[in-house]
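Welcome, and thanks for taking a look at this one with me. Below are the notes I would hand to a colleague opening the files for the first time.

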There are 2 protein chains.
Amino acid sequence: MRKRTISIATVAAEAGVGVGTVSRVLNGSDQVSEATLKRVLGTIERLDYRPLRSASSLSKGRTDAVGILVSVITRPSVMARLVGVIDVLSDAGLDAVVFNVDNRAQLDRHLSSIIDQRRVDGIISISLRIPKERIARIRKLAIPLVLVDNSLPNLPCVYIDDVAGGKLATEHLLSLGHRRIGFIGDNARSDLGMSASENRYAGYLMALEAAGIGPDFDLVARGPHSSEAAAVLASALFELGKRRPTAIFASSDTLAVGVIKAAQQHRLKIPDDLAVIGFDNLEVSSILDISTVNQPLLESGTKGASKMVSLLNGEIAKPHREELVLDVVPRGSSLGIQRNSPTKLYGVVEGPKGLQILQGGEELVS
Amino acid sequence: MRKRTISIATVAAEAGVGVGTVSRVLNGSDQVSEATLKRVLGTIERLDYRPLRSASSLSKGRTDAVGILVSVITRPSVMARLVGVIDVLSDAGLDAVVFNVDNRAQLDRHLSSIIDQRRVDGIISISLRIPKERIARIRKLAIPLVLVDNSLPNLPCVYIDDVAGGKLATEHLLSLGHRRIGFIGDNARSDLGMSASENRYAGYLMALEAAGIGPDFDLVARGPHSSEAAAVLASALFELGKRRPTAIFASSDTLAVGVIKAAQQHRLKIPDDLAVIGFDNLEVSSILDISTVNQPLLESGTKGASKMVSLLNGEIAKPHREELVLDVVPRGSSLGIQRNSPTKLYGVVEGPKGLQILQGGEELVS
DNA sequence: TCATGCCATGGAACCGGTTCCGAATCGGGA
DNA sequence: TCCCGATTCGGAACCGGTTCCATGGCATGA
């Protein structure tokens, strides 16, 4: 027992070579002869040596980690993006350091610690707007920054057009003959720049206006991002009696679920008495047969992370700014047509202890 | 322009002190006189100097980061735990490095890279079982390891008794007079050690046996963890005709949603024709009025992370092993009693552009 | 006045890799 | 045989902090 920790020097001594050579072996340099390569690798194996991350970070000047700024992770839509980001980073050998942001002060704190201490090589912001002065600083330090579900000029980003999405949803309801269309959305989180709901609302207004319908603020309601809140707001709209909406556009599927629930409690038949469309195409909207606007959530994460990987490799992010496509997914909550049973997607077999759907089928579920 | 990066040496020179003194200032040592403290702080401020994380990691021998191993993040239950973990770590000034694990090989790869390269100071495993040989290695290297939603002897962990939970759920249905009780669960992921569903199944069998009811494997079904799959499986059970179950215990709320949906398609009235109970008490079960077994998800994360923080501070994790309590939340899907409208939780007010629930109300939603 | 001791401080050594420069070795052509 | 260039290699310097030890100054007590 000579030394506590085995370092690169230990390996070098043991293998009878210099530390430089060991380092070259570790980094796959081709400046090493076959014979010494084998010998060094053997020694590494024998000593069970692994280079220390923080040491190589220091001398290389990079951390091989990427910071991910994200808010309200619990929302399924945010989650999906996050998973996309993490998976791509992980495949590229980069650590994903997640920072959960609840308010503006926290955002600032995290940003300054991330940026100043250089604890990560790059930053991916999911849905959050980074304050201008921070962006300036990030630029000056040449730290790559990628925006997911967000867009700013001259920055690599992956985003959707929420205004267009809101229009699509509203047009869908208009095309079904609805004239009194309500809107239920989030409270704006302007401090964090999360404005998807408000943008979708803007699209809603535009679609109405294009159809020659003026805004009726009695049909508009906003609250926290939860089904419960949406149910309460929807109930309030239903109590307008004759003036109640015949259709509702909920700015997310989570809210749409609440609307559906409230409608059931008010004995409104869907879609005859009330048509509903949501946004995001979450799994819950599929199972509850809710019409929605599909956006590629996971893809926004993977594409954003891919851009980051490119940037860190010194390449240019291929499509620098990328807008993902949206499309309406009409389902029973607006059309009323019973959609096909999902049975065919799965093969149910008899197992030894009950029915069974084989795991492979899991891939069929998005 | 003298030096590219401002290091501790720059600050020392500029302030006319030694590097040691600057370091002491940075680390809040009390071995510094008031006068020099002020001077050094002033210089730091003026130069806008921040210590480099990787350099201090190297010399301190720790990274101030914690690795989080987690699988299928997209499940709301996993999500909630993860958020709890991240928030507590963040408050303690620790980075949360998230590793998403899809299969056994990936788990091994991540573990070896985490452990060998010492890229983190501690490891928190959410729901995943760490292979024995890895545990041995982790122990030998004295890397703190905390298990969340998992339990192993002699390791700090936060867990629930899934078997007892399965019993609770089944007993609830038995107490309502049901005798033909079905079970719908996940496919076991034995490779990752995610056995919650199977444990709940064991509890289900125990409760039945205690009630003098033998197992009927025709009423048991397993599939992927999705509402869609659960709907398919439930449909299959409903087609048993007279022999169909009058109640179903779904091993998670996500599956329960699928069961409810399938029941509606089969024109079964809930709970008269079919009673349903789920597990986890997710938000969706509340809005859809599904009975469930509540487990403190967020809390499991915060408690686990707190243990980690203690361990990293050299303290002993207070309750070394901690079992969280479960309780049945009876709702309409089994009792049939219309639960109170959630209206009272929220104050709806008239805003300038539509109805409004003030953001403060968000706290009322779990 | 001098010894004692504490406190503040400077700075060398160190953490464990990477990199670059100079040296050694080797092969091939003249 | 000698020279030249290419290839391989050793190791010092370096990355930017932390820590420990030696030193100097000051106050206290005898």
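The numbered points below go through the DNA strands, the interface between the protein chains, and a few pairings within and across them.

1. Before anything else, please keep in mind that this is a predicted model. Every distance and count in these notes is computed from that model.

2. A good place to begin is DNA strand C. It has 30 residues around it, and those that come nearest are A:Ile8, A:Ser23, B:Gly18, B:Thr21 and B:Thr36. Of the atoms of DNA strand C that come within 4 Å of the protein, sugar and phosphate account for 63%.

3. Three polar approaches to DNA strand C are worth finding on screen. Two involve phosphate oxygens: one is 2.8 Å from a polar backbone atom of B:Gly18, and one is 2.8 Å from an N or O atom in the side chain of B:Thr36. In the third, a sugar or linking oxygen of the strand is 3.0 Å from an N or O atom in the side chain of A:Ser59. The elements that give two or more residues to the surface near DNA strand C are helix H2 (19-26) and helix H4 (53-60) of chain A, along with helix H2 (19-26) and helix H4 (53-60) of chain B.

4. Which element gives the most to the surface near DNA strand C? It is H4(A), with 5 residues. By class, the residues of this surface divide into 10 nonpolar, 15 polar and 5 charged.

5. Now turn to DNA strand D. Here, 30 residues surround the strand, and the closest are A:Gly18, A:Thr21, A:Thr36, B:Ile8 and B:Ser23. Sugar or phosphate holds 61% of the atoms of DNA strand D within 4 Å of the protein, and the rest belong to bases.

6. Chain B offers several side chains to look at beside DNA strand D. A polar side-chain atom of B:Thr5 lies 3.0 Å from a phosphate oxygen of the strand, and a polar side-chain atom of B:Asn27 lies 3.2 Å from a phosphate oxygen. For B:Ser59, an N or O atom in the side chain is 3.0 Å from a sugar or linking oxygen of DNA strand D. H2 and H4 of chain A and H2 and H4 of chain B are the elements that give two or more residues to this surface.

7. For the surface near DNA strand D, H4(B) gives the most, with 5 residues. The classes there are 10 nonpolar, 15 polar and 5 charged residues.

8. Next comes the interface between the protein chains. How many residues of chain B are in contact with chain A? The count is 74, and they meet 74 residues of chain A. About 6,700 Å² is buried between the two chains, with carbon and sulfur atoms giving 56% of that area. B:Glu228, B:Ile287 and B:Leu355 supply 10% of the area that chain B buries against chain A, more than any other three residues.

9. The interface of chain B and chain A also has 30 residue pairs in polar contact. On the side of chain B that touches chain A, the largest share comes from helix H10 (residues 227-238) of chain B, with 8 residues. That side divides into 34 nonpolar, 23 polar and 17 charged residues.

10. Side chains of opposite charge can pair when their charged atoms come close. Over all chains the count comes to 45 salt bridges, and 6 are found across the interface of chain B and chain A. One joins the side chains of B:Arg137 and A:Asp48 (3.2 Å, N to O). Another salt bridge joins A:Asp116 and B:Arg50 (2.7 Å, N to O). That pair crosses between chains, from A:Asp116 in helix H6 (residues 104-117) of chain A to B:Arg50 in the loop between helix H3 (34-47) and H4 of chain B.

11. Finally, please look at strand E14 (residues 354-357) of chain B, which pairs with strand E7 (residues 220-223) of chain A in the parallel sense over 2 bridges. Within chain B, strand E13 (residues 348-351) and E14(B) pair in the antiparallel sense over 4 bridges, and they form a hairpin with 2 residues between them. B:Gln356 in E14(B) has A:Arg222 opposite it, and B:Val349 also stands opposite B:Gln356.

Conventions: Residues are numbered from 1 along each chain as its sequence is written. Chains are lettered from A and ligands numbered from 1 in the order in which they are written. This is a predicted model: local features need pLDDT of at least 70, side-chain atom pairs count only at pLDDT 80 or more; totals for chains, interfaces and linings use all residues. Side-chain values use heavy atoms; hydrogens and water are left out. A residue is near a molecule or strand if one of its heavy atoms lies within 4 Å of it. A polar contact is a pair of N or O atoms within 3.5 Å; within protein, one must be able to donate a hydrogen and the other to accept it, and residues adjacent in sequence count only if both atoms are side-chain atoms. Ala, Val, Leu, Ile, Met, Phe, Trp, Tyr, Cys and Pro count as nonpolar, Asp, Glu, Lys and Arg as charged, and the others, Gly among them, as polar. Contact means heavy atoms within 4.5 Å. Buried area is the accessible area (1.4 Å probe) that two parts lose on being put together, summed over both. A salt bridge is a side-chain nitrogen of Lys or Arg within 4 Å of a carboxyl oxygen of Asp or Glu. Two strands pair if DSSP finds at least two bridges between them.
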